[in-house]
Amino acid sequence: LDNLLADGKCKPFIVVMNNVMMQVNKNGRWEEDVYSFGDMLIRDCIPFIERAYRVRSGKFNRAIAGLSLGSLLSAKIIMEHYDLFGAAGLFTGYTWPIMPGRPRMVQPWTEVLKNAEVFNREVPLFFGAIGDREVSLPLFEEERVFCREHGINYIQKIYPGTHEWRVWRAAAHDFFQMLFK
């Protein structure tokens with residue numbers, strides 16, 4: 001990001017990184033609850049950042065991105081709250097996961113993709129990236145077809161690699177240059 005900024009290839013912005021592996025107290029027992037992350041992000045993190053730092057507020061001044069599990073959660077959050085974010089980056093991501101040995105889990109929040117006019121207007125930058133040797137590459141292809149058939153403007157890129165930092169760094173490099181134009 002420093003090099004992109006120094007070369008004038010992206011707009012200045014801050015990066016906030018959260019750990020989605022949240023611990024919540026359920027009946028006196030601490031458990032991981034990744035699905036609580038969205039609530040914490042909206043209730044606590046965004047207001048804190050906007051109070052503590054000199055940032056522009058408003059959805060078109062915010063983007064959400066994640067890698068791996070963070071990508072799935074970013075997809076869920078952008079679908080449920082496209083009023084809060086103007087861009088989404090899904091790195092090794094897709095909008096619905098398939099778990100080996102389990103039936104496909106079509107998420108109710110993917111229904112928002114069926115209204116292309118609204119989604120394209122509200123999320124003008126919808127970016128997905130994956131490695132060419134990633135085990136879930138067929139899902140990525142299914143998503144491309146789904147988005148094309150439904151008229152969703154979805155930029156997808158495939159990079160050399162698997163489920164790894166090399167792919168995610170390349171995806172971030174490209175995504176960062178598209179933000180806040």
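## Strands, a hairpin and salt bridges in a predicted model

Strand S3 and strand S4 run parallel to each other and are joined by five bridges. In this pairing, Gly66 stands opposite Leu90 in S4. The structure described here is a predicted model, and its parallel strands are a useful place to begin reading it.

**The open sheet**

The pairing of S3 with S4 belongs to an open sheet of four strands, whose order is S3-S4-S5-S6 and whose pairing is parallel. The edges of this sheet are formed by S3 (63-67) and S6, each of which pairs on one side only. On average, and with direction ignored, neighbouring strands of the sheet are turned by 10° against each other.

Strand S4, which covers residues 87-91, pairs with S5 in the parallel sense over five bridges, and within this pairing Phe126 in S5 is the bridge partner of Ala88. S5 also pairs with strand S6 (residues 155-159), again in the parallel sense and over five bridges; here the bridge partner of Gly128 is Gln156 in S6. Between these two strands comes helix H5 (residues 137-150), and S5, H5 and S6 make a right-handed β-α-β unit.

How many residues of strand S5 are buried? Strand S5, which runs over residues 125-131, is mostly covered, since seven of its seven residues are buried. Leu125, Phe127, Ala129 and Gly131 point one way from S5, while Phe126, Gly128 and Ile130 point the other way, and all of them are buried. Phe126 and Gly128 have therefore appeared twice in this account, as bridge residues and as members of the set that is buried.

**The hairpin**

Strands S1 and S2 pair in a different way from the parallel strands above, as the next details show. S1 and strand S2 (residues 29-32) pair in the antiparallel sense over four bridges, and Val24 has Glu31 in S2 as its bridge partner. The two strands form a hairpin with two residues between them, and Asn27 in the turn has a positive phi of about 55°.

**Salt bridges**

Side chains of opposite charge can pair when their charged atoms come close. A search of the whole structure finds nine salt bridges, and the table gives three pairs, with the distance between the closest N and O atoms.

| Basic residue | Acidic residue | Closest N and O atoms |
|---|---|---|
| Lys76 | Glu80 | 3.0 Å |
| Arg133 | Asp132 | 3.8 Å |
| Lys157 | Asp174 | 3.5 Å |Lys76 and Glu80 both lie in helix H3 (residues 69-80), where they are four residues apart, about one turn of the helix. Lys76 counts as buried because its relative accessibility is 17%, which is under the 20% limit for that class, whereas Glu80 is partly exposed, with a relative accessible area of 38%.

In the pair of Asp132 and Arg133, Asp132 counts as partly exposed at 38% relative accessibility, while Arg133, at 53% relative accessibility, counts as exposed.

Which parts of the chain does the pair of Lys157 and Asp174 tie together? Lys157 lies in strand S6 and Asp174 lies in helix H6, so this pair ties together parts that are 17 residues apart in sequence. Lys157 counts as partly exposed, at 31% relative accessibility, and Asp174 counts as buried, at 18% relative accessibility. Elsewhere, salt bridges that share partners join Lys59, Arg121 and Glu122 into one network.

**Helix H6 and a surface patch**

Helix H6, which holds Asp174, spans residues 165-178 and also includes Ala170. Is Ala170 buried, partly exposed or exposed? With a relative accessibility of 24%, Ala170 counts as partly exposed. The C-alpha atom of Ala170 is separated by 13 Å from that of Gly66, although these residues are 104 residues apart along the chain.

On the surface, Ile14, Val16, Phe48, Tyr53 and Val55 form a nonpolar patch, and together they have about 440 Å² of accessible area. One of these residues, Val16, is found in the loop between helix H1 (2-6) and strand S1 (23-26). Val16 is partly exposed, as its relative accessible area is 39%.

Conventions: Residues are numbered from 1 along each chain as its sequence is written. This is a predicted model: local features need pLDDT of at least 70, side-chain atom pairs count only at pLDDT 80 or more; totals for chains, interfaces and linings use all residues. Side-chain values use heavy atoms; hydrogens and water are left out. Buried means under 20% relative accessible area, exposed over 50%, partly exposed in between (1.4 Å probe, protein chains only). Two strands pair if DSSP finds at least two bridges between them. A crossover is right-handed if, with the strands pointing away from the viewer, the path from the first strand over the helix to the second runs clockwise. Axes are lines fitted to C-alpha atoms, for helices over the stretch in contact, and angles run from 0 to 180 degrees between N-to-C directions. Patches are made of residues with over 30% relative accessible area and no salt bridge: like charges are joined within 9 Å, nonpolar side chains (Val, Leu, Ile, Met, Phe, Trp, Tyr) within 5 Å. Accessible areas come from the Shrake-Rupley method with a 1.4 Å probe; for residues, only the protein chains shown count as cover. A salt bridge is a side-chain nitrogen of Lys or Arg within 4 Å of a carboxyl oxygen of Asp or Glu.
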